[in-house]
Amino acid sequence: MTETAVQRDMVRPDFRVAIMAAAALLACLAYMTIGLRGNLAFVLELRSVRLAAMVVVGVAVAVSTVVFQTVCANRIITPSIMGLDALYIFCQTALVFTLSGFGFAGIDPRLHFLGNFMAMTCLALVLFLPMLRRQFDLTLMLLTGVVLSVLFRSLTTLLARLIDPNDFAVLQGAVFASFNAVEPELLLLAAAITVAGTFIAWRARHVLDVLALGSDTAIGLGVAWRVTAAGLLVLVAALVSASTALVGPMAFLGLLVVSLAQRIVGTNRHAVLIPAAALTAIIVLVGGQTVLQHALGGEGSLGIVVEFAGGIVFLAILFASGRR
Amino acid sequence: MTAATIGRPGFAFQAIAIATLAALFVGSLFVGVTNLSIRSLVSDPEALRLVMVSRLPRTLAALLAGSALAIAGLVMQTLARNRFVEPATAGTAQSAALGILVVTLVWPNAALGWKAAGAAATALAGTSLFLMLAHRLPPTQPFLVALFGLVYGGVIGAVATFLAWRLDLLQYVEVWMTGEFSGILRGRYELLWVAGALVALALWTADRLTILSMGRDASIGLGLNYAGVLRFGLVIVSAVTALIVVVVGTIPFVGLVVPNIVSRFAGENLRHTLPWVAGGGAALVLACDMIGRLIRFPYEVPVGTVLGVVGAVLFLILLLGRNRND
Amino acid sequence: MIEISGVSLTLGGSGILNDVNLTVPKGGVTALVGPNGAGKSSLLSLIARLQPLQSGRITVDGLAVDTTPSRELAKVMAILRQDPGVASRLRVAELVGFGRFPHHRGRLTAQDREIVAASLEQFDLGDLSLRFIDTLSGGQRQRALVAMTFCQGTDYILLDEPLNNLDMFHARNLMRTLRRIGDEHGKTVLIVLHDINHAAAHADRIVAMKDGAVVASGDTEAIIRPDVLESIFGFPMLVERVAGRLAVLHHT
């Protein structure tokens, strides 16, 4: 790279982030205002709840993906590909299954969420820390993650059958994320977790820059790798819990937005990457929903469309990495 | 020992394996909502009828589907030259489901056979594309190909689900995506005998398939019609998978774990291992179907769900256990 | 006799071979040498019909490689590529036994078994014959693959850098075996060699390639000369006669 190119790459990202922020804002405005009809107060309230859900989910997924990828020192791996959101849903079902006798299903959804989150964090630490520390071959780790998420999904289905043998709708609900059935009680809690999580990630941005170089290098540079990685994994678990509890699993959203953001800003510095990824997620979700809703008449299919696009991106990245 | 006899498990081992399969077969006849005993079979004509109309077809279906799935998995692994792919996870089954969906759409009252034919056609297309892409990935990265297959299958599955969701056919797709034997009665499973015949055909070409697994250059060097055998394998995999998806639905992991376990103790000279793979697949599916019948008695859990759990655990053990040895 | 006339090959827009004409006489060991990227392996795979012929004509023992059925060719010539990556979990004896496939196309006959046993013996694989090939070292695997190629029992044997992964003992053993079958059984061995000294010591003839063309070919004595070698490899080297054998000093 020539000197000017280096300088350009050092300077330009901030500018690009500003443009992305403007685009995200525009998308939110468009979503709120296009095609307003009927009872204004009602429509606006409905839309603002959904908009808030999309923003919270987008930011949570983007930040958790960036942090997780950094801990793994790789840009293909994401929390949902490693099965974290499937794990959350499994914990949810498992808690209902084991504690239903104690009236668990009936308690406040926020307490419910907390229980799920704690169960999931423990399991995630037990499952993934050893895997990270043993430094598996990347593809083996990914494959393990994909199979783990299949396992969690199958276990969830199995438990659901055991809880209610006649419930055939379980599968349907667990396959794709939906922004149309957000639980309002959880929105505030999820938003709080996402804000706190993003703040912590932002504060840790320089440590993250070092971690991205790999555990050996990070340790060599004086980072207490195990403690830091465990702490960041808890952070990731909290963010994944928040987004999954709100709308359900989004297997490839994280991968899609982070690789897009990277393309746009062209840097791995977390001071730029974290906001860029979060903004990309908002643009994709809110902009996508606006387009689907008003242009294509496909309201409600955003989750599926994003999954499909993300899956193709994932295949393309895998293919390119294999061909290199 | 000579080259022809090596690698075969001993006689005692064979006897134990056959006895296990026989025990599962008999057990499957007597497990279910209606309590049956051997005595009642003799005395009660209604009980005999139940066995002939429901339990025996179901058991035979599990037997046929299990062995055919395992063989299809093995053939697919040979074609892809990768131990960790199988039709049910790498896009064949999902393509088949997509095919049935299309047939159902344009011809709602099509006979089962026509649906199977449509499913086989799309399965062939989906599997060919997968193999074409997989062959371009480096063989030195086996996990990459497997991962690619899983996500590829997931994307095709998402297309099918999306279409079904738009067309209000989601219930049907779920039936094809989750293997289940509870609906199997006499007259509803006979297509699976065709799958059984295809498996026999695969057995007949075992040597050629083994050579194929050595790769293109070695195959051509030995005078094998490489492209021809490849196409033959593709047809077997697609047709077997389509038949099973149409009749019972997708059953994951059988084609993956059974050939891998067999290869651990008996190697991959298919002439010797194909019978073991077929028997192992049948036993695994029969056992899991029985678990599904018993775990929430008197309700049933689909065999596809049971195998999703059992198979994923076995696969993880194979995957990570292997790594530890290396 | 292997006859190659007017063969060119283009892959992905770049020329690999450019109008190659070559005759490899029947019998003896012919070594194919040259710098990396000269097109040696490509030429070998064209002869072995592993790649479709784009232009020109190649015959082996009078059989055109692009029109003769692959099955027939498999009885005339055997090919061992560099790292064929056989990933199957086969036992060594099973792998070697598949070398007989072109002849029996099914079950091994008693005669096939004898040939397999002899090959195993010849390549020092007797103790390993029941091992799975994925448990072998690189060199042991390579020997098993060479044994399989020999087992095919063809008059023409093509080998692409078969000495890779072999230790000195087994490399020497393989070259001497090739020498012997060339002398005693009248077989034709065409071998891509990396180490010019192996070619100097064991080959009857040497064909030198550079930039997709044959630049020199002839008896070993005629090629292993400082001026010829320098024109092929692009740097000067010494050629000495040590204990009656030609030795190339290229490490100086």
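The paragraphs below lead through a predicted model, taking its confidence first, then chain B, then the contact of chain B with chain A, and lastly chain C.

As a whole, the model scores ipTM 0.83 and pTM 0.83. For chain C there is also a per-chain figure, since the residues of that chain average a pLDDT of 88, and 98% of them score at least 70. This is worth keeping in mind because, where pLDDT is low, the predicted coordinates should not be read in detail.

Chain B is a helical chain in this model, with 14 helices and 0 strands, and reading along its sequence accordingly gives the pattern α-α-α-α-α-α-α-α-α-α-α-α-α-α. The radius of gyration of chain B is 20 Å, close to the 20 Å that the globule rule gives for 326 residues, so chain B is as compact as a globular protein of that length. Along the principal axes, the C-alpha trace of chain B spans about 65 × 55 × 35 Å. Of the 326 residues in chain B, 56% count as buried, a class that requires 20 or more other C-beta atoms within 10 Å of the residue's own. The contacts within the chain can be sorted by separation in sequence: among those in chain B that join residues at least 6 apart, 79% link residues at least 24 apart.

From the fold of chain B one can turn to the side that touches chain A, where 34 residues of chain B are in contact with 31 residues of chain A. On the chain B side, α6 (142–167), α7 (170–177) and α14 (303–325) each supply at least two residues, and the largest share, 14 residues, comes from α6(B). Sorted by class, this side of chain B that touches chain A holds 25 nonpolar, 6 polar and 3 charged residues.

Chain C has a secondary structure of both kinds, which comes to 10 helices and 12 strands. The radius of gyration of chain C is 18 Å, and this agrees with the globule rule, because a compact globule with 252 residues would have a radius of gyration near 18 Å. The C-alpha trace of chain C spans about 50 × 45 × 35 Å along its principal axes. Buried residues make up 45% of the 252 residues in chain C, and, of the contacts in chain C with a separation of 6 or more, 62% are accounted for by residues 24 or more positions apart.

Terms used: Residues numbered from 1 in each chain as written. Chains lettered and ligands numbered in written order. Predicted model: local features only at pLDDT ≥ 70, side-chain atom pairs only at ≥ 80, totals over all residues. Contact = placed C-beta atoms within 7 Å. Helix = DSSP H or I, 4+ residues; strand = E, 2+ residues; numbered from the N terminus. Nonpolar A, V, L, I, M, F, W, Y, C, P; charged D, E, K, R; others polar. pLDDT = per-residue confidence, 0-100. Rg over C-alpha atoms; globule rule 2.2 N^0.38 Å. Buried ≥ 20, exposed ≤ 12 C-beta atoms within 10 Å, placed from the backbone.
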